[in-house]
Amino acid sequence: MIRRFKNVVIETVCRLMTPFLQLFGLYVIAHGHYSPGGGFQGGCILGSSFILMAISYDIDFAKKYMSEIKATVYACLGVIIYGGIGMVCLLIGANYLDYGILHTILPVDLARARAMGILGIEIGVGITVMAVMVSIYLNLVSGGRHVEEKVE
Amino acid sequence: MIVLEHAAILVVVIPLLVSFFNVIIGLWKKNLCYPMTVLTLGFCLILTVNIIVSVIEIGTFSYRLGGWTPPWGIEYVIDHLNAYIAIIVSFISFIFAIYSRKSIEKEISSEKIPYFYTLYLLLAAGLLGITLTGDLFNIFVFLEITSLSAYALIAIGDENAPLASFNYLIMGTIGACFYLLGVGYLYISTGSLNIADLAGLLPGLYHSKTIIAAFGFFIVGIAVKIAFFPFHIWLPDAYTHAPSAVSAFVASTMTKVGAYVMIRIMYTVFEPRFSTDILPITAILGWIAAAAIIFGSILALAQKDIKRILSYIIIAEVGYIVMGVSIANKSGFTGAVLHIMNDALMMACLFSVAGAIIYRTGSRDIYTFGGLGRKMPFTMAALFVSAVSIAGLPPTAGFFSKWYLLLGTIYEKKWIFAGSLIFSSLVNAVIFFRILEIVYFKKHPQTGLIKEVPMSMLIPILITAGGILITGFYSGDIISSIIRFAVPREF
Amino acid sequence: MDIVGSYKPLLAISVSLIAALFIFFSGEKSRNLREVWTILAAVIKFTIVASMVHDVIDGKILEYTLASIEPGLSIQFRVDAFGLMFALIASFLWIITSFYSIGYMRTLNENAQTRYFVCFAIALSAAMGVAFSSNMFTTFLFYEIITICTYPLVAHKETPEAMQGARKYLAYLLGTSVGFQLIAMIITYSISGTTDFSSNGIFTELRSQVSNTFLTIVFFLYMAGVAKAAIMPFHAWLPAAMVAPTPVSALLHAVAVVKAGVFVALRIVLYVFGIDILSELGLGMVLTCFASFTILAASIIALRQNNLKARLAYSTVSQLSYIILGASLLSPSAITGSILHIALHAFGKITLFFTAGAIYVATHKTNISELNGIGKQMPFTMTAFTLGALSMIGIPPMGGFLSKWYIILGSIEADLIPVIILLAGSALLNAAYFLPIVYAAFFNEPQDHHNNKGGKGNINEAPALMVVPLLLTAMGTLVLFFTPSTFLHLAIKVATLVTGN
Amino acid sequence: MDFIITKYHYWFYVSLMMVGLYAMIVKKNFVKKLVGMNIFQTSIILFFVSSATKIHATIPIIQETEGIINPAHYMNPLPHVLMLTAIVVMVSSFGVALALLIMIYKKYKTLDEDEILDIMRNKQ
């Protein structure tokens, strides 16, 4: 079903673009809490870099960097980071997700602690979105075939 | 103590987080997923019990997410109504977590089992989120979490399941979008999403066309989600083809939680007088509910696939609840809220019995159930109890809620509504006594090797059946300590 | 009238429920143990019920609240004279029927005997529940339990006819009670805020608020709702239910179930509406007409039945209407008579059913036309039959006379002379359909060829476990004529309470 | 006329919504239905976002270079944030739906509703 279409120009250009894409994605994530952008957008950009590789080479190539299993684990890890930060706040004694309280355990003042807290959450969201984008793409393009192959 | 203080949020967050842990653990050791799920939901059950105890003691309380003050931050408001719904949801989800082990092993391949439990926990978390949150948009998000996990769970059923699930998805998305539109309209005109805040802001705007449109969108959106009569077409297919544990869980909770959202919007976000006087939607809803009850019952009578029968009965039962809500008096409302619990129990029991039968015989056709009364005595006893209850006969729980519904209709002198309730009772009696007759008195040649289902399936069945038998007698206590406070003050 | 809290009503109800559990777990493997539970429960139940007689005759009322749903709506038991009377009969006859059932079931080697005994025990619990209910709500609750748990008993044989009969049974009883009685009860509650029985009627105090038409409709809803009382046109389930094993027909369809129906009907007439309202609206008269019609029509249909049990069933239909008739006359003596008739008809009819069962067990005959000369073969059984039949007709040394006497007295009090004519005519009809059986049994020669071996004057009785009970109940009809004091006392107590003099 | 022009964005989203609804109801191909669903959802997102517009307003972020800005000059950020969530929901339901369609295609070898119904009918 998926015919390999080899073209040096496409491959090289895409390969070259990928690190920039990823860097941009990281930028968007990191600056999300005080400029346009954030975890969702940055995650999408990061994810698209993998998808770009999958399109320009083939799925197996992309899977070398981000396999199904990896994507799944990353997706879960992202959510757990998000929820974990909330739980840490809760355990310290504030309400869930009230990350101002983090200044009691981090060596920063309250305003900075809030910024750190939201940054952590953006990172979590970014990881999840990236992984989910990749895994949706892989699953759909392979028609679920890759998962099943691994299974059998 | 920290746990109790934050119970409101932990009930939602813990299943949410554990569900993702489940995926990772599932990659490492598949067998751990089941105990994790059961433990988590058991913990949730304990938390919801705590919640309801503290609601009974101190009344409504709220929890601020992230410490932000209400109209801006998200707030979880726990009052009698949603504490009550939450305990139903967590109880049912706990029960079916136990139940699911054996039935799922038989129905889906073992590699997918961790994903099943992940989705299961997500579904539970979503349902609990809907009930506990005090923010309209948050309800939308949880509604979609619930629906998405339900689509996926239903799709792992038999061979026609993906198609059924797809239809459900299309309908469900329309419903959710309508709901979202309603939220948008309210937001545009008030600038608030908090239910308590909106309840204070809205009365001045009741005659605005935007608000009326918003209300219409809400009602239609939720009606699609709960499979209210003209929008019910997705439900029978979806629930028939889903795996047994899923259809049991989904059937006994999702429509009920949807009905809860309806009650919230009609009587908390808006004042009751809005839906009775300004936009007399209760009258229309009542008539449609009567139609839903009658059509649901008749269509159920025409089926021979047990799960399909039950699915159509759900449509009728949704009609009961909506009718109770739309009667807009104290008895009707009490009946509707009580029926949410009773119907959840009955559907849980019936679908789990259906699952047990399918687990042992592999057949859903009621005419092949001959002789099961001897082979599976306990399961069939549970079927009997829930059948009696669904026909609205005493001393089971179903009778008591039907009593209040009837009382409500008669106070309002709505004889046709009362007639439809009675009619559906009788039709349900016909349906189930036909099944019971086959089960107990007919012989069937191929039932030689069939025996009782395993303990992990039997115990949930018996617990729900026991619940149906016992809760009826405690309806008085439930009403006086919980439901009485949930009834809108105007009634 | 002092009300005393007491656990006794609850105990009386739950003893057979608990027994049902034991019976279920004993199962077919230890059948002797299973039967011990049945009999033990029956004896204990009767002891508990009997221990309440003294208190009630002293004018006490025992009360126990099981669950309170709302003010004015609770599951509550209250033992008054009327309820106690019914409970006494049902629990006493259960002891006898238990022995009889054991004999019957074992001799015929019936299937699913455990189910049979379990359902029987539950049915008795529910009958006690109906007897002791203090309000319409509780009554309805147990009324439905009776319907549901006797359904398996009717379908017991698992043949197509049995299923058909059971379906009819369920359709009539469930359809009417859910469709009419429930609605009527909810209307009552919605008007008065209570369903508690009161000796001068729930509606009396609310007389000014409710229109006559409305009351009439509610009354008819109620009466249509108690199909167990088998007033025409809701009688067809009773003959259909005769497919059940004979002990079931005997205890349930001559005592517990149908009497529960009549009992509830009387409760409604006397305690929900009260005789004042009924006489004011002329509803008593309407009910009298319905009952009279049923008495005559059922008797005439009974004449044409060849199946013994079917004839007995129609006889039951007609006799039940005596009770309704008595109550509908709304005069003290008539009410006394009708309540007495609950007891006396029970003894008589159970005897007749027992004999029908005994004949079936001994000879496998069910039709009246085959009974020629059977008196020589089964002398004890047929003697009992004769006694029972005489009591049904109402000939003086038998118990059945007493109740008819009181009803006739009552109709004179009520100035309804046609009723006397009706009662006389019905007695004649009773004689016309019972006496030919007696005659054929004792005086006709056994004419059929295929039964010659048994017909040569050999005594070929059913097992002693069956014959002794039926002789006991037959004796009962005699004894009750001479010492009816307990029942009479209770009945008069009820009549004076509800009529106020 | 004035009514239409001043509220043109609403008309725009309503017509988009109708396009989506039409596709969802009328089209027989499941993928087209799905696309219709997507258009439907997009129209709602547009509606929300358009409700937050304010001419000459800026993003609600404190920028050190420009000093503090009067809050009245900020755009309302909340609808955007809400729609971010709604988009996520939309993407996920789209993903689930596509996965379902793959399963359906594997079984029936077609995505046309009528043909699938035919196949199901013939099987019975």
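This is a tour of chain contacts and aromatic pairs in a predicted model.

**Whole assembly**

Colour the structure by chain. Four pairs of chains touch, and among these 4 pairs chains B and C share the most contacts. Two other pairings are worth checking for the lack of any contact. Select chain A and chain C: no contact joins them, and their closest C-alpha atoms are 40 Å apart. Then select chain C and chain D, which do not touch either, with 31 Å between their nearest C-alpha atoms.

**Chain A against chain D**

Next, show chains A and D alone. The contact between chain A and chain D buries about 760 Å², and 80% of this area is on carbon and sulfur atoms. How many salt bridges are there between chain A and chain D? The count is 0. Residue pairs in polar contact across the interface of chain A and chain D also number 0, where both residues must be at pLDDT 80 or more.

Now select residues 39-56 and 110-141 of chain A. These are α2 and α5, and each supplies at least two residues of the side that touches chain D. The helix that gives the most to this side is α5(A), with 3 residues. Coloured by class, the side of chain A that touches chain D shows 5 nonpolar, 4 polar and 1 charged residues.

**Aromatic pairs in chain C**

Over all chains, a search of the whole structure gives 65 aromatic pairs. Start with C:F82 and C:F263, a tilted pair with 4.5 Å from centre to centre and 35 degrees between the planes. C:F82 belongs to helix α3 (residues 81-108) and C:F263 to helix α9 (residues 246-281) of chain C, so the pair ties together parts 181 residues apart in sequence. Are these rings buried or exposed? C:F82 is buried, at 1% relative accessible area, and C:F263 is buried at 0%.

Move on to C:F180 and C:F234. This pair is tilted too, at 6.4 Å centre to centre and 55 degrees between the planes. C:F180 sits in helix α6 (residues 160-192) of chain C, whereas C:F234 is in the loop between α7 (212-225) and α8 (237-240), so the pair ties together parts 54 residues apart in sequence. C:F180 is partly exposed, with a relative accessible area of 29%, and C:F234 is partly exposed at 23%.

**Last stop: chains B and D**

Finally, select B:F178, B:Y185 and B:F217 together with D:Y10, D:Y13, D:F40, D:F47 and D:F48. These residues form one aromatic cluster.

Technical notes
Residues are numbered from 1 along each chain as its sequence is written. Chains are lettered from A and ligands numbered from 1 in the order in which they are written. This is a predicted model: local features need pLDDT of at least 70, side-chain atom pairs count only at pLDDT 80 or more; totals for chains, interfaces and linings use all residues. Side-chain values use heavy atoms; hydrogens and water are left out. Contact means heavy atoms within 4.5 Å. Buried area is the accessible area (1.4 Å probe) that two parts lose on being put together, summed over both. A salt bridge is a side-chain nitrogen of Lys or Arg within 4 Å of a carboxyl oxygen of Asp or Glu. A polar contact is a pair of N or O atoms within 3.5 Å; within protein, one must be able to donate a hydrogen and the other to accept it, and residues adjacent in sequence count only if both atoms are side-chain atoms. Helices (H or I, at least four residues) and strands (E, at least two) are DSSP runs, numbered from the N terminus. Ala, Val, Leu, Ile, Met, Phe, Trp, Tyr, Cys and Pro count as nonpolar, Asp, Glu, Lys and Arg as charged, and the others, Gly among them, as polar. Rings of Phe, Tyr and Trp (its six-membered ring) pair if their centres lie within 6.5 Å; planes under 30 degrees apart count as stacked, over 60 as edge-to-face and the rest as tilted. Buried means under 20% relative accessible area, exposed over 50%, partly exposed in between (1.4 Å probe, protein chains only).
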